[in-house]
Amino acid sequence: MSKALAVILLLAMAIQVIRPLNLPGLRYRRDFWKIAVFAIALMMLTVLIRP
């Protein structure tokens, strides 16, 4: 699951750089770093939950 999540978030970052997603907080191309911060936090949460 974590690998699939990583691929989905990488695709979202690539799409954001090519064409902004126009979601709240993701209006500009330079906002792709927000997706990266979210991805890192989600990966850390996944590692903490895993036994």
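Let's start with one small detail: the side chain of T46 has a polar atom that sits 2.9 Å from the backbone oxygen of L42. T46 lies in helix α2, and what you're looking at is a predicted model of a chain with two helices and zero strands. Here's a quick tour, from the overall build down to a handful of residues.

**The big picture**

- The chain has 51 residues, and 16% of them are buried.
- Lined up along its principal axes, the chain has C-alpha atoms that fill a box of roughly 40 × 15 × 15 Å.
- About 4,200 Å² of the chain's surface is accessible, and carbon and sulfur atoms account for 76% of that.
- If you take the contacts between residues at least 6 apart in sequence, 29% of them join residues at least 24 apart.

**How the two helices meet**

- Helix α1 covers 2-18 and helix α2 covers 32-49, with a loop between them.
- Their axes are 9 Å apart, and the helices pack at an angle of about 170°.
- That angle is over 145 degrees, the cut-off for roughly antiparallel, so α1 counts as roughly antiparallel to α2.
- On the α1 side, the residues that meet α2 are S2, L5, A6, L9, A12, M13, Q16 and V17.
- Across from them, α2 brings F32, I35, A36, F38, A39, L42, M43 and T46 to the contact.
- Sort the residues of this contact by type and you get 13 nonpolar, three polar and no charged.

**Q16, tucked away in α1**

- Is Q16, a residue of helix α1, buried or exposed? Its relative accessible area is 0%, so Q16 is buried.
- Leaving aside residues up to four places away in sequence, Q16 touches L21, L26, Y28, R29, D31, F32 and I35.
- One of those, L26, also has its backbone oxygen 3.4 Å from a polar atom of the Q16 side chain.
- Q16 is part of the contact between the helices as well, on the α1 side.

**M43 and T46, two α2 residues at the contact**

- M43 is found in helix α2 and has a relative accessibility of 26%, so M43 counts as partly exposed.
- Which residues does M43 touch, not counting those up to four places away in sequence? They are S2, L5 and A6, and these three also appear among the α1 residues that meet α2.
- M43 and K3 are 40 residues apart in sequence, yet their C-alpha atoms are 9.8 Å apart in space.
- T46, the residue we began with, is also at 26% relative accessibility, so T46 counts as partly exposed.
- Look along the chain from T46 to W33, 13 residues apart, and you'll find their C-alpha atoms separated by 20 Å.

**N22, an unusual spot in the loop**

- N22 is found in the loop between α1 and α2.
- Most residues other than glycine have a negative phi.
- N22 isn't a glycine, but its phi is positive, near 60°.
- With a relative accessible area of 45%, N22 is partly exposed.

Note on methods. Residues are numbered from 1 along each chain as its sequence is written. This is a predicted model: local features need pLDDT of at least 70, side-chain atom pairs count only at pLDDT 80 or more; totals for chains, interfaces and linings use all residues. Side-chain values use heavy atoms; hydrogens and water are left out. Helices (H or I, at least four residues) and strands (E, at least two) are DSSP runs, numbered from the N terminus. Buried means under 20% relative accessible area, exposed over 50%, partly exposed in between (1.4 Å probe, protein chains only). Contact means heavy atoms within 4.5 Å. Accessible areas come from the Shrake-Rupley method with a 1.4 Å probe; for residues, only the protein chains shown count as cover. A polar contact is a pair of N or O atoms within 3.5 Å; within protein, one must be able to donate a hydrogen and the other to accept it, and residues adjacent in sequence count only if both atoms are side-chain atoms. Axes are lines fitted to C-alpha atoms, for helices over the stretch in contact, and angles run from 0 to 180 degrees between N-to-C directions. Angles under 35 degrees count as roughly parallel, over 145 as roughly antiparallel, 65 to 115 as roughly perpendicular and the rest as oblique. Ala, Val, Leu, Ile, Met, Phe, Trp, Tyr, Cys and Pro count as nonpolar, Asp, Glu, Lys and Arg as charged, and the others, Gly among them, as polar.
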